[in-house]
Amino acid sequence: MTTKTHFETRAIQATEPHEDQTGSVANAIYPSTTFKRETDGSYQSGFIYTRDDNPNRQLLEQALAELEGGSRAFAFASGMAAISAMLQTLQCGDHVILPDDAYYSVHAAAKEVFERWGLTHSLVDMTDLNAVRSAINEQTRLIWLESPSNPLLKVSDIRTVTQLAHQHNALCVVDNTWCTPVLQQPLALGADAVMYSTTKYFGGHSDCLSGALVLNPKAPEELTTRLKHIQKLSGAVPSPFDCWLITRGIKTLKLRLMQQTTNASQLAGFLDQHPAIDAVHYPGLTSHPQHAIAAAQMTHGFGAMMSVQYADKASSMALTGRLKLFTAATSLGGVESLIEHRKSVEGDASLTPDNLLRISVGIEHIDDLIADWTDALNG
């Protein structure tokens, strides 16, 4: 074909079996940990040991790079393993800027693990560009973004923050887990890399664990080399079966996410008008402080994640028990709707409001989801 195909088509084509001599339409799973060596010491297949590479991981990484418009992708055993790998590319004495509102394990890793290795960090409100500028110093080598953020859904101006990073010889990496390339393309906005917990929307069924980093073609070549070494030597790689599950999930990614996004938009509108709800955090609402930025850099909607604030801690936790179609559980991005009281997971040191509930909207019928909330709030 001479014209560029749409995402749905590329998602199928990028995950088809490559050079399969059986004619199988579905991908095979290669659980082998090791591969045959020839008598001259060579490896005819090109594979040596699954920690180094595996046919299932190779296909997944190639698909992720193609769908993201990246030069190279690296798959890891979890989103946190991917985050840790990126931080490990830095050196003792380097400085990292992190969002003040972000996945709590990112803050924990920076403080409890990497700070002991001499990596310093600052927590900054990424929606305040002046605050970002003020936080940059001579040792700053990385600015980490989440947009929308977890769990308050604050939206950062990815293009402008990336430009600030590059002006000071720093990298900008975006955690794009909540959007995937379906809804947001950070590399096209200038980011050096995107990070995913592919456990979430890419897998889409709450049954596999993995993460990924995808690099911008313009990213420094040494970053590719460092990440490849870290991936191999740390060994935090996904199993062949998890790679196979994520690859399969990619095929229906856009279909699922579009339904989830449509549901979330309608549910957010309903909850925003409900007198019992104190606040709804969702970038698709025109009342959201960064709605205009979200509309400019997000495509096909505003995602399937939101958070609400309801009464107090005890009341909000009790509310999760009255909902019948929203399972009270950690994680997000699966086909089923989930809800969670975040601060009780993050701990007392968390800055998350006591009455905040994080919601991952699934693919159930929206009328049923709204009816469930109506009954729970009336209960």
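**Figure 1. S331 is partly exposed in this predicted model.** The relative accessible area of S331 is 23%. That value places S331 in the partly exposed class because buried residues stay under 20% and exposed ones are over 50%. S331 sits in the loop between β10 (327-328) and β11 (338-341). Its backbone carries a positive phi of about 90°. S331 is not a glycine.

**Figure 2. T180 also has a positive phi, in helix α7.** The phi of T180 is about 60°, although T180 is not a glycine. The residue belongs to helix α7, which covers residues 180-183. T180 counts as buried, with 0% relative accessibility. S331, by contrast, is partly exposed.

**Figure 3. Two cis peptide bonds occur at prolines, P148 and P151****.** One cis bond runs from S147 to P148, with omega near -5°. The other joins N150 to P151, with omega near 10°. P148 is placed in the loop between β4 (140-146) and α6 (158-167). P151 lies in the loop between β4 and α6 as well.

**Figure 4. F114 is a buried loop residue****.** F114 is found between α4 (104-112) and β3 (120-124), in the connecting loop. Its relative accessible area is 4%. F114 counts as buried because the limit for that class is under 20%. Leaving out residues up to four places away in sequence, F114 touches S84, L87, Q88, A109 and L119. The C-alpha atom of F114 is 9.1 Å from that of C92. Along the chain, F114 and C92 are 22 residues apart.

**Figure 5. The largest nonpolar core has 59 residues****.** L271, M306, I359 and W373 have the most contacts inside this core. Helix α10, residues 253-272, gives the most to the core. Its share is six residues. Which residues does L271 touch, not counting those up to four places away in sequence? The list is I277, V280, M306, V308, I359, W373 and L377. Apart from this core lies another, of 28 residues. Among the residues of that other core are M86, W144, L215 and L227.

**Figure 6. The whole chain, as context for the close-ups.** The chain holds 14 helices and 12 strands. Its radius of gyration is 21 Å, close to the 21 Å that the globule rule gives for 379 residues, so the chain is as compact as a globular protein of that length. Along the principal axes, the C-alpha atoms fill a box of roughly 75 × 55 × 40 Å. Of the 379 residues, 53% count as buried. Take the contacts in the chain with a separation of 6 or more: residues 24 or more positions apart account for 71% of them.

**Figure 7. Surface and charge of the chain.** The accessible surface comes to about 16,500 Å². Carbon and sulfur atoms account for 52% of that surface. The chain has 28 positive and 40 negative charges. How far apart are the mean positions of the positive and negative charges? They are separated by 5 Å.

Methods
Residues are numbered from 1 along each chain as its sequence is written. This is a predicted model: local features need pLDDT of at least 70, side-chain atom pairs count only at pLDDT 80 or more; totals for chains, interfaces and linings use all residues. Side-chain values use heavy atoms; hydrogens and water are left out. A nonpolar core is a set of buried Ala, Val, Leu, Ile, Met, Phe, Trp, Tyr and Cys residues joined through side-chain atoms within 4.5 Å. Buried means under 20% relative accessible area, exposed over 50%, partly exposed in between (1.4 Å probe, protein chains only). Helices (H or I, at least four residues) and strands (E, at least two) are DSSP runs, numbered from the N terminus. Contact means heavy atoms within 4.5 Å. The radius of gyration is taken over C-alpha atoms; the globule rule is 2.2 Å times the number of residues to the power 0.38. Accessible areas come from the Shrake-Rupley method with a 1.4 Å probe; for residues, only the protein chains shown count as cover. Lys and Arg count as positive and Asp and Glu as negative; His and the chain ends are not counted. The place of a charge is taken as NZ of Lys, CZ of Arg, CG of Asp or CD of Glu.
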